[in-house]
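Dear colleague,

I am handing over the structure we spoke about, and below it you will find a careful account of what was found. Please keep the structure open while you read, so that you can follow each residue as it comes up.

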Amino acid sequence: MTAGRLRVTAAGAAGTVTGSCHHVDAPEGELLVDCGLFQGPRTLEDRNREPFPFDPERLDTVLLTHAHLDHVGRLPKLVADGFRGRALAAPGTREIAEVILRDAAKIAAEDYERALRKARRAGREDEVAPPPYDEEDVDRAVEAIDTIGYGEPVSVAGLRVRLRSAGHVVGSAWLELEDERGTVAFSGDLGNRESLLHPTAEPVAGARAVVCEGTYGDRRHRSREATRAELKEVLARAADAGGRVLIPTFALERTQAVLFEIGRLQRAGDVPELPVFLDSPMATRMTEAYRARPEAFRSEVRRRFEAGDDPFAPPRFRATASAEASRELNDLDEPAIVLAGSGMMTGGRILHHLKHHLWKPTTQLIVVGYQARGTLGRALVGGARSVRIFGDEIAARAEIHTIGGLSAHADADDLKAWLGGSPDAAVHLVHGEEDALTSFRDDLRGEGRDAALLREDRPVDL
Ligand SMILES: [Zn+2]
């Protein structure tokens, strides 16, 4: 290795949004930025079983930008494959990663058992690959995660590394890697400047090169005020209708943003104080992790903590942990708001609520996140008249509303604002579908910037 060289090789999330993992060959060792899971089509998910294109035993450190599965999901496999170093992350990431990794391991084990039973009946059990890791690997991966504060310099493989706040989810960071020639930055996932919960990401100042995400490099989000007005209108209408309000939710970030806003609107008297139930054990655990990090939030949220309130608990709030408490909600005889997973209505407790209430015209279904093609959520948003849930045909008579501005991701303007502090930096784009990345690259080049897509087969020297 040449002294002073900083060679970056993508091992995921190049030309796609999942599997974030970048290998860095540094002056005094090797490190990784993120170690995420590939998610989506089968061909992509099969990559989670492939050997890493580097030797895990030789790695000094893994720097984690945040706890989303597409950024930490292969850490247990890395440990299983021989990694013995430490993983460094911002406060909150370890707790959230533990919940996410355990849930993913459980789902992978269940999927495997199901596939195996099916394959046995066909006499093809050899063709079913076991999950890439098990519960024990998850224990060791979580054990390997150490926390460092934002801005606190640490020495890694001959570099000075600092985490900077990214405003995406609790514990999210972008990374500053400093050598004798200056600094190189990795964006991780950057937050939406119009986030209800988080302050804007710290801008990247004076970097010579940046590895930057481009998830929504071709989009513009709605403003915070517009999103708030929309949610207020829908909740007021829902209260008038007098039925059940169902909000399919994503456990991390979206749940807490929606709970915060419902509580704010109810306390301000802008919408009636309906009871609010969080019917998701995973989202409840995430909300606890959020509650433990008051410093992570915008001043508006922090003020509620300072006043001794829980910003994520509306006035009549209850988390229903047990399956029995969840079932009891079916018999509840007053209008109520229920948040339950999964966010795209592909599984989880929301399906029980939909089965009981989707067919009633007084029910309001509020969709607060992206619905991928092929999901029940997409079918309902697309206007399906009836759907199948647990084998039964259920009429879709509920009123369906979509709230668009709650994304936790930076849009094109947010990304440009962040990059603005380093006008001369070469920008290497990752973490986006090909169309979003090329559109953002052309946009940057149009402004005279040096920008290109990072490819897995083409390492770059930064
Ligand atoms: Zn993320």
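A good place to begin is Phe186, a residue that lies in strand S10. Please bear in mind throughout that this is a predicted model. Is Phe186 buried or exposed? Its relative accessible area is 2%, and because the cut-off for a buried residue is under 20%, Phe186 counts as buried. If you look for Trp174, you will see that Phe186 and Trp174 are 12 residues apart in sequence, while their C-alpha atoms are 5.8 Å apart in space.

From Phe186 you can step across to the neighbouring strand, since Phe186 stands opposite Val211 in S11. The two strands concerned, S10 (residues 182-186) and S11, run parallel and are joined by 3 bridges. S11 also pairs with strand S20 (residues 426-430), again in the parallel sense, and here the pairing extends over 5 bridges; within it, Glu213 stands opposite Val430 in S20. It may help to recall that strands of a sheet pair through backbone hydrogen bonds, either parallel or antiparallel.

How many of the residues of S11 are buried? The strand spans residues 209-213, and 5 of its 5 residues are buried, which is what it means to call S11 mostly covered. Both of its faces are covered, with Ala209, Val211 and Glu213 buried on one side and Val210 and Cys212 buried on the other.

A similar description can be given for strand S15 (residues 336-340), where 5 of 5 residues are buried. Ala336, Val338 and Ala340 point one way from S15, whereas Ile337 and Leu339 point the other way, and all of them are buried. S15 has a parallel pairing with strand S12 (residues 244-248) over 5 bridges, in which Pro248 has Ala340 as its bridge partner. S15 is also joined by 3 bridges to strand S13 (residues 276-278), and these two strands run parallel; in this pairing Leu278 stands opposite Leu339.

Elsewhere in the model there is an open sheet of 7 strands with mixed pairing, and its order is S6-S5-S4-S3-S2-S1-S22. The strands at its edges are S6 (145-147) and S22 (460-461), each of which pairs on one side only. Starting from the S6 side, S5 and S6 run parallel and are joined by 3 bridges, with Ala87 standing opposite Ile145 in S6. The next pairing along, between S4 and S5 (residues 86-89), is likewise in the parallel sense and has 3 bridges, and in it Thr61 has Arg86 as its bridge partner. Towards the other side of the order, strand S1 (residues 7-10) and strand S2 (residues 22-26) pair in the antiparallel sense over 4 bridges, and there Val8 stands opposite Val24 in S2.

Next comes the metal site. Which residues coordinate the zinc ion? The donors are His66 (NE2), His68 (ND1), His168 (NE2) and Asp189 (OD), at 2.2 to 2.3 Å. In sequence these donor residues are spaced H-x1-H-x99-H-x20-D. His66 lies in the loop between strand S4 (59-63) and helix H2 (69-72), while His168 lies in the loop between strand S8 (159-165) and strand S9 (173-179), so this pair ties together parts that are 102 residues apart in sequence. Both histidines of the pair are at 0% relative accessibility and therefore count as buried, as is the case for His66 and for His168. The angles among the 4 donor atoms run from 94 to 163 degrees, and the site of the zinc ion is irregular.

Lastly, I would draw your attention to the second largest pocket, which has a volume of about 200 Å³. Its lining consists of 13 residues, and those that lie nearest its centre are Tyr150, Ser165, Pro199, Glu295 and Ala296. Taken as a whole, the lining of this pocket divides into 6 nonpolar, 5 polar and 2 charged residues.

With best wishes

Terms used
Residues are numbered from 1 along each chain as its sequence is written. This is a predicted model: local features need pLDDT of at least 70, side-chain atom pairs count only at pLDDT 80 or more; totals for chains, interfaces and linings use all residues. Side-chain values use heavy atoms; hydrogens and water are left out. Buried means under 20% relative accessible area, exposed over 50%, partly exposed in between (1.4 Å probe, protein chains only). Two strands pair if DSSP finds at least two bridges between them. On a 1 Å grid over the protein atoms alone, a cavity is a set of points where a 1.4 Å probe fits but cannot get out, and a pocket is an open set with protein on both sides within 12 Å along at least five of seven lines; lining residues have an atom within 4 Å of a point. Grid points are joined across faces, edges and corners, and a volume is the space filled by probe spheres set on the points. Ala, Val, Leu, Ile, Met, Phe, Trp, Tyr, Cys and Pro count as nonpolar, Asp, Glu, Lys and Arg as charged, and the others, Gly among them, as polar. Donors are N, O and S atoms within 2.8 Å of the metal (3.2 Å for Na, K and Ca); water is not among the atoms, so sites may look incomplete. Four donors count as tetrahedral if all angles lie between 85 and 135 degrees; four count as square planar and six as octahedral if opposite donors are over 155 degrees apart and all others between 65 and 115; anything else is irregular.
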